[in-house]
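Subject: A structure for you to look at

Hi,

Here is the structure I promised to pass on. Have a look at it first, then read my notes underneath.

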Amino acid sequence: MRVSCLFCSLFILFILIPVCTTAVISPWSDLTVSEISAPLTANPGYPYPINVTVENHGNATSGLISVGFYISTDDHLSKNDTYIQVTTGDPLAPGASVELSSLDTMPVAVPPGSYRLFAYVEDHEGDEKHLLDNTAILTAPVRVQARTLPSNETLRNEVARLIFSMTNNDRSSNNVTPLIWDDDLAKLAVTYTDRMVAQKFFSHTDPDGHDQSDRAKAAGYNTVKEIEGGARIGVAENIAYVGTGNVAGYGYVNPTDSESIAKGVMTGWMKSKGHRENILDPLASKIGVGLSYNGEYWYAAQEFY
């Protein structure tokens, strides 16, 4: 399983299409998509929003609603068409309707061209007739246009700086002195996230059995810090990985927007007791942040001193 003005760069035009439904009352739930709206332009790898209205014309409450969205090069939905995203909703009572919004990323693999957008709501019957009854189509075609994606290097540098800024905002909000950026700690963070991606592991302890303080000391970083009343030994570390698109338990992470990625990482850390304590540690004075991307997830690390 596997939000910011996400669409400022998209030309958004919505079309509402009423879909005719039959007057026959089903003894079961009978779900239909009565309206569908979406932008008429899309870019592979960028966010794409879709809105639908689902109605229950049956005589029983439905199960959980699931509406899948597909694009096709012709006017007919088939199993060979490209699935792009899904939205879900609570059970729907007889005669009721609900508006649902879907936000996900247009798949990178979709080639430029003109497509028809379909919405298909799942129901208890799956024969060919119900496939047609449960399907709605956007009348105007959607034009998929190629657009350059931000480089991973650009994103990771921007996200690191945003995480640094967000960390200090959280510290200031909690009456804690802001941290100073430390290039050596940042190098440690980047090196470690690169290693986690390359060696496919996720842990504070590396495959050699070394923790963050061991790695800092091996890199020549002074891990002994004089504090009032004595000394503090070691480096504290937060690590995380976050996917893009719809992230379970969080929401949508825009893969092209550094702020969206940074918020996804920071939200997770601030909801975790141990990570939050590191971020708000009054004895910490310096920080370095690093990120690496494995093609599916962003791996992030904060090093504190």
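Below is what turned up, starting with the whole chain and ending with some aromatic rings.

First, please keep in mind that this is a predicted model. The mean pLDDT of the protein chain is 89, and 89% of its residues reach 70 or more. The stretch to watch is residues 1–26, where the pLDDT is below 50. Beyond near neighbours in sequence, that stretch has 60 contacts in the model. Where pLDDT is low, though, the predicted coordinates should not be read in detail.

Now the overall picture. The protein chain contains six helices and 17 strands. It has 305 residues, and 47% of them count as buried. About 15300 Å² of the protein chain is exposed, with carbon and sulfur atoms supplying 53% of that area.

Next, a sheet you can trace by eye. Strands of a sheet pair through backbone hydrogen bonds, either parallel or antiparallel. Here, three strands make an open sheet in the order E1-E3-E6, and the pairing is antiparallel. Why do E1 and E6 each have one side without a neighbour in the sheet? Strand E1 (31–37) and strand E6 (97–105) stand at the edges and have a single partner strand each, so one side of each stays free of a neighbour in the sheet. On average, neighbouring strands of this sheet are turned by 30° against each other, if you ignore direction.

Strand E3 (residues 47–56) is joined to E1 by six bridges, and Thr-32 stands opposite Glu-55 in E3. With E6, E3 pairs over nine bridges, again in the antiparallel sense. If you want a spot to find on screen, try Pro-47, whose bridge partner in E6 is Thr-105. E3 is also mostly covered, as eight of its ten residues are buried.

Another pairing to look up involves strand E13 (residues 236–243), which is mostly covered too, with six of its eight residues buried. Which strand does E13 pair with over eight bridges? That would be strand E17 (residues 297–304), and the two run in the antiparallel sense. Within this pairing, Glu-237 has Glu-303 in E17 as its bridge partner.

Finally, the rings. A search of the whole structure finds nine aromatic pairs. One of them is Phe-164 with Trp-181, an edge-to-face pair with 5.3 Å from centre to centre and 75° between the planes. Phe-164 lies in helix H2 (residues 152–173) and Trp-181 in strand E10 (residues 180–181), so this pair ties together parts that are 17 residues apart in sequence. Are these two residues buried or exposed? Both Phe-164 and Trp-181 are buried.

There is also a pair between Phe-202 and Tyr-241. Their ring centres are 4.9 Å apart and their planes sit at 85°, so this pair is edge-to-face. It links distant parts of the chain, 39 residues apart: Phe-202 is in the loop between helix H3 (183–199) and helix H4 (212–218), while Tyr-241 is in strand E13. Phe-202 is partly exposed, with a relative accessible area of 36%, and Tyr-241 counts as partly exposed at 43% relative accessibility. Phe-202 and Tyr-241 belong to one aromatic cluster together with Tyr-297 and Tyr-299.

Happy clicking, and write back if anything is unclear!

Definitions and conventions
Residues are numbered from 1 along each chain as its sequence is written. This is a predicted model: local features need pLDDT of at least 70, side-chain atom pairs count only at pLDDT 80 or more; totals for chains, interfaces and linings use all residues. Side-chain values use heavy atoms; hydrogens and water are left out. pLDDT is the predictor's confidence in each residue, from 0 to 100. Contact means heavy atoms within 4.5 Å. Helices (H or I, at least four residues) and strands (E, at least two) are DSSP runs, numbered from the N terminus. Buried means under 20% relative accessible area, exposed over 50%, partly exposed in between (1.4 Å probe, protein chains only). Accessible areas come from the Shrake-Rupley method with a 1.4 Å probe; for residues, only the protein chains shown count as cover. Two strands pair if DSSP finds at least two bridges between them. Axes are lines fitted to C-alpha atoms, for helices over the stretch in contact, and angles run from 0 to 180 degrees between N-to-C directions. Rings of Phe, Tyr and Trp (its six-membered ring) pair if their centres lie within 6.5 Å; planes under 30 degrees apart count as stacked, over 60 as edge-to-face and the rest as tilted.
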